[in-house]
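Got the viewer open? Load the model, switch to cartoon view, and keep the selection box handy.

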Amino acid sequence: MLKRSEFHLFPKELGFFPYVWLIYLSMPIYYMSQERGLRMVTGYLMIALFLLTYRQLFFAKKSFNYWLGLQMLLSFLLCVLYNPYNLFLGFYTASFIAYYKDQRRFTISLAMFYVMLILPFIINFPRMGRQDMFITLPFMAVMMMSPFGMRSMFRRQKLEQDLNKANERIEELVKREERLRISRDLHDTLGHTLSLITLKSQLVTRLIERDPRKALLEAKEIEQTSRAALRQVRELVTNMRTLTVAEELKASERMLRSAGIAYQAKGDFRLEGISEVAQNILSMCLKESVTNIVKHSRADECTIAVEKTSGELRLTISDNGIGCSEDNETRGDGNGLKGMRERLSLIDGTLELASSGGMIATICIPIVKRKTSDNELACDNGSHSIP
């Protein structure tokens with residue numbers, strides 16, 4: 001048995017938003033109540049048909065052009081044949097014109113919309129008073145500009161939708177990259193250790209009767225090796241947890257001071273508003289940079305600074321060590337720096353290295369602000385029907 005589709009007057013995801021616009025139909029309904037006879041009945045039928053076009057334009061895809069054209073025609077007739085103030089119905093049409101993505105269709109519909117506004121004004125001009133003109137002209141100008149403003153808003157919201165999808169994709173890629181990293185770490189750290197334990201266990205089996213003392217020593221080495229493997233597993237599990245930059249900074253401070261390197265931090269490392277994905281990537285890059293300093297820099301001073309602007313976050317790690325040569329920018333672990341660049345590329349970040357009295361690593365990531373007001377969310381959800 002086929003399931004009947006549930007009827008909705010307006011798209012369910014838009015919530016109360018489409019119903020608010022129905023308030024503007026009160027004006028033509030009031031003007032129509034002053035008519036009499038067949039003229040009033042015809043006028044109410046036209047308003048009802050206008051309401052139908054308003055509803056259908058939220059759902060129409062292939063027939064969007066026809067419903068929009070019918071709405072323009074009804075606005076024109078209601079304005080010319082009845083009251084000039086019915087011109088304000090153009091605000092409905094102006095909002096739907098902005099749904100067009102194709103520039104050619106947008107231009108054609110905009111030209112027809114301008115004709116629908118200007119021609120009734122010219123026809124009604126002889127019977128309009130000065131006060132009517134002062135009221136009508138400013139609103140006509142607003143209606144003429146509305147499609148451009150709303151189209152720009154829809155484009156921005158589309159970009160925000162794409163950004164959200166991109167962030168979701170980045171999170172998936174980061175998780176996948178972390179799985180690969182963990183698998184590499186397991187292979188590199190535990191593979192050799194477990195192989196060693198296997199060999200020593202076989203050796204103990206052979207020595208237990210011939211040389212019990214030596215077998216006991218080998219068994220103790222197996223115990224030490226297994227304990228070391230256990231520590232490695234614990235370290236891997238600890239590294240799987242997502243770290244913030246502030247948390248990684250504390251670990252970097254301990255590592256630097258343990259190595260006898262003076263440490264200085266500049267800026268606010270709480271990084272409010274930065275996503276968990278970006279924080280995790282920055283934390284891994286900070287850890288890799290500090291590790292390189294401790295292992296290869298021969299430095300005795302290190303400075304970690306963060307600077308946040310309206311569009312960019314800049315993390316700088318500098319030291320007073322040996323720096324790097326012009327033909328080889330990788331001082332120490334080249335694979336580590338390559339991994340940093342790969343991680344940063346997931347969030348459109350960059351890594352720059354410079355040698356000036358030591359090594360300076362500059363990490364930059366873009367900051368994109370997203371607005372999530374109710375009105376914008378409603379318009380964003382409604383943009384699905386743009387042809």
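What follows is a walk from the whole chain to a helical bundle, its rings, and two loop residues.

**Before you click**

This is a predicted model, in which local features need pLDDT of at least 70 and side-chain atom pairs count only at pLDDT 80 or more, while totals for chains, interfaces and linings use all residues. Residues are numbered from 1 along each chain as its sequence is written, and side-chain values use heavy atoms, with hydrogens and water left out.

**The whole chain**

Start with everything selected: the chain has 12 helices and five strands. Those elements are DSSP runs, numbered from the N terminus: helices are H or I with at least four residues, strands are E with at least two. Of the 387 residues, 39% are buried; buried is under 20% relative accessible area, exposed is over 50%, and partly exposed is in between, using a 1.4 Å probe and protein chains only. Among contacts with a separation of 6 or more, 70% are between residues 24 or more positions apart, a contact being heavy atoms within 4.5 Å.

**Helix 3 against helix 4**

Now select 37-56 (helix 3) and 64-81 (helix 4): their axes lie 9 Å apart and the packing angle is about 150°. The axes are lines fitted to C-alpha atoms, for helices over the stretch in contact, and angles run from 0 to 180 degrees between N-to-C directions. The two helices are therefore roughly antiparallel; the cut-offs are under 35 degrees for roughly parallel, over 145 for roughly antiparallel, 65 to 115 for roughly perpendicular, and oblique for the rest. Their crossing is left-handed, meaning the near helix is turned anticlockwise from the far one by less than a right angle (clockwise would be right-handed).

Show side chains: on helix 3, the residues in contact include Arg39, Met46, Phe50 and Tyr54, and on helix 4 they include Trp67, Leu74 and Leu81. By class, this contact has 12 nonpolar, five polar and one charged residues. Here Ala, Val, Leu, Ile, Met, Phe, Trp, Tyr, Cys and Pro count as nonpolar, Asp, Glu, Lys and Arg as charged, and the others, Gly among them, as polar.

Zoom in on Thr53 in helix 3. What does Thr53 touch, not counting residues up to four places away in sequence? Look for Trp67, Leu70, Gln71 and Leu74. Thr53 is buried, with a relative accessible area of 0%.

**Helix 4 against helix 5**

Keep helix 4 and add helix 5: the axes come within 10 Å and cross at roughly 160°, so this pair is roughly antiparallel too. The crossing is left-handed. Phe64, Leu68, Gln71, Met72 and Ser75 from helix 4 meet Tyr92, Thr93, Phe96 and Ile97 from helix 5. That contact counts six nonpolar, three polar and no charged residues. Seven of the eight residues in helix 5 are buried, so the rest of the structure largely encloses it.

**Helix 4 against helix 6**

Swap in helix 6: it packs on helix 4 at about 10°, with the axes 9 Å apart, so these two are roughly parallel. The contact includes Met72 and Phe76 of helix 4, and Met112 and Phe113 of helix 6. Its residues divide into 11 nonpolar, four polar and one charged.

**The rings**

Next, colour the aromatics: the whole structure has 17 aromatic pairs. Rings of Phe, Tyr and Trp (its six-membered ring) pair if their centres lie within 6.5 Å; planes under 30 degrees apart are stacked, over 60 edge-to-face, and the rest tilted. Phe64 and Tyr100 are edge-to-face, at 5.4 Å centre to centre and 90° between the planes. This pair links distant parts of the chain, 36 residues apart, with Phe64 in helix 4 and Tyr100 in the loop between helix 5 (90-97) and helix 6 (103-124). Phe64 is buried at 0% relative accessible area, and Tyr100 is buried at 5%. Widen the selection to Trp21, Phe50, Tyr54, Phe58, Phe64, Tyr92, Phe96, Tyr99 and Tyr100, which ring pairs link into a cluster.

**Two loop residues**

Most residues other than glycine have a negative phi. Arg298, not a glycine, has a positive phi of about 60°. Find Arg298 in the loop between helix 10 (276-297) and strand 2 (301-308); it is exposed, at 73%. Finish on Asp348, also a non-glycine with a positive phi of about 60°. Asp348 sits in the loop between helix 11 (334-345) and strand 4 (350-355) and is exposed, at 62%.
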